[in-house]
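Trainee: I am new to this structure and would like a close look at one part of it. Please take me through the nonpolar core and what surrounds it.

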Amino acid sequence: MVARFGADLPVTLNAPVTAIDDTGPSVRIESAAGSISAKAVIVTVSTGVLAAETIRFTPGLPDATLGAIGNMPMGLLAKVPLLFDGYHFGLKSNEWLAYKVPEEMPAQACYFLTWPFNMDLMVGLVGGKFGWELSAAGPDAAVDFALGELRKIFGEKVDQHFIKGDFTNWAYDPLVRGSYASERPGFHGARAAMAEPLDGRVYLAGEALAGKYSVTCGGAYMSGERVAGDVMAALGAG
Amino acid sequence: MDVPASEVRPNGIPWSGVSQTWTGPMSMGMDFADLSPVDWWSLSTTKPNLEV
């Protein structure tokens, strides 16, 4: 959906940025596809990527910004799409399938979205610490767990109608490192602190800085659009 | 007071585990012990799109 939305934009893929130098006459960006210079740069990577310091900033990011990033770790909600042969277990399209779990958290649970848009997919959802554990175990373990939870409800019919499954690797994808950022308890205001403008020509944007629309893809887009407007105004091109 | 959600959840509520699972891991990607109720509340008008 995102690729199609930006289909007419000149986007260079497979070019992870390794360094951003804001000390010269222009901003210099080093990437796997080479170096470019720009009047300004908008950095939209997740707080997980920023915290991992895979991008070297020169000069370094301000202490207040680094502190805010540290107080907004990445949460994880991963998806386990399961393809079935058209048998829908008596469940309607776009409904939720949940079941009782222990009151003490974290629960080892996989809740399901049933047949989104009437496709033959049951989409399992796992999150939090258990989601990270399952991600470390790999896609086969995630699919097995999700199928096991369904077997508790529907029995052997699950295996009779199951075709194949997959698992999103957002947890350990080095370009994401999670799903979306969340303020640590006791550190409300981290989003606002991270959104404070930086000196120079480097700007931060993205999901974590989308205000009340954070944790959404739409919010990420809106944050980028707002900051792009700030850049245009700063460059006198608005 | 912005304390972990696990410290302010009531005990003994029927289906409490389910509501915690929806609110924490399935919504914010965080378990209740790591979830800021204030941050959650500030985002309460929007939630991740689970359909896509």
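Mentor: What follows goes through the core, then one of its helices, and then a few other places in the two chains. Keep in mind that this is a predicted model.

The largest nonpolar core has 42 residues. Inside it, the residues with the most contacts are Leu82(A), Phe84(A), Phe112(A), Met122(A) and Leu150(A). At least two core residues each come from strand 7 (77–84), strand 9 (111–114), strand 10 (121–127), helix 4 (128–137) and helix 5 (139–154) of chain A, and also from helix 1 (16–28) of chain B. Helix 5 of chain A supplies the largest share, 6 residues. As background, nonpolar side chains in soluble globular proteins tend to be buried together.

Met122(A) shows how the parts meet. Leaving aside residues up to four places away in sequence, Met122(A) touches Val80(A), Pro81(A), Leu82(A), Phe84(A), Phe89(A), Leu91(A), Phe112(A), Leu113(A), Thr114(A), Trp115(A) and Leu150(A). Apart from this core lies another, of 22 residues, with Val27(A), Ile69(A), Ala181(A) and Ala190(A) among them.

Now take helix 5 of chain A by itself. Its 16 residues, at 1.5 Å a residue, should span 22 Å, and the end C-alpha atoms are 22 Å apart, so the two values agree. Buried residues of helix 5 of chain A include Ala142(A), Val143(A), Phe145(A) and Ala146(A). The others on that list are Leu147(A), Gly148(A), Glu149(A) and Leu150(A). After the helix comes Gly155(A), with a positive phi near 70 degrees.

Chain B, which contributes to the core through its helix 1, has 2 helices and 0 strands. Of its 52 residues, 50% count as buried. Among contacts in chain B between residues at least 6 apart in sequence, 47% join residues at least 24 apart. The chain exposes about 2500 Å², and carbon and sulfur atoms supply 65% of that area.

Ser182(A) is a place where both chains come into contact. This serine sits in the loop between strand 12 (180–181) and helix 7 (190–195) of chain A. Ser182(A) counts as buried because its relative accessibility is 0%, which falls under the 20% cut-off. Not counting residues up to four places away in sequence, Ser182(A) touches Asn71(A), Met72(A), Pro73(A) and Arg191(A), along with Met28(B), Met30(B) and Asp39(B).

Last, the cysteines. A search of the whole structure finds 0 disulfides over all chains. Cys110(A) is buried, with a relative accessible area of 0%, whereas Cys217(A) counts as exposed at 52%.

How values were computed. Residues are numbered from 1 along each chain as its sequence is written. Chains are lettered from A and ligands numbered from 1 in the order in which they are written. This is a predicted model: local features need pLDDT of at least 70, side-chain atom pairs count only at pLDDT 80 or more; totals for chains, interfaces and linings use all residues. Side-chain values use heavy atoms; hydrogens and water are left out. A nonpolar core is a set of buried Ala, Val, Leu, Ile, Met, Phe, Trp, Tyr and Cys residues joined through side-chain atoms within 4.5 Å. Buried means under 20% relative accessible area, exposed over 50%, partly exposed in between (1.4 Å probe, protein chains only). Helices (H or I, at least four residues) and strands (E, at least two) are DSSP runs, numbered from the N terminus. Contact means heavy atoms within 4.5 Å. The expected span of a helix is 1.5 Å times one less than its number of residues. A disulfide is a pair of cysteine sulfur atoms within 2.5 Å. Accessible areas come from the Shrake-Rupley method with a 1.4 Å probe; for residues, only the protein chains shown count as cover.
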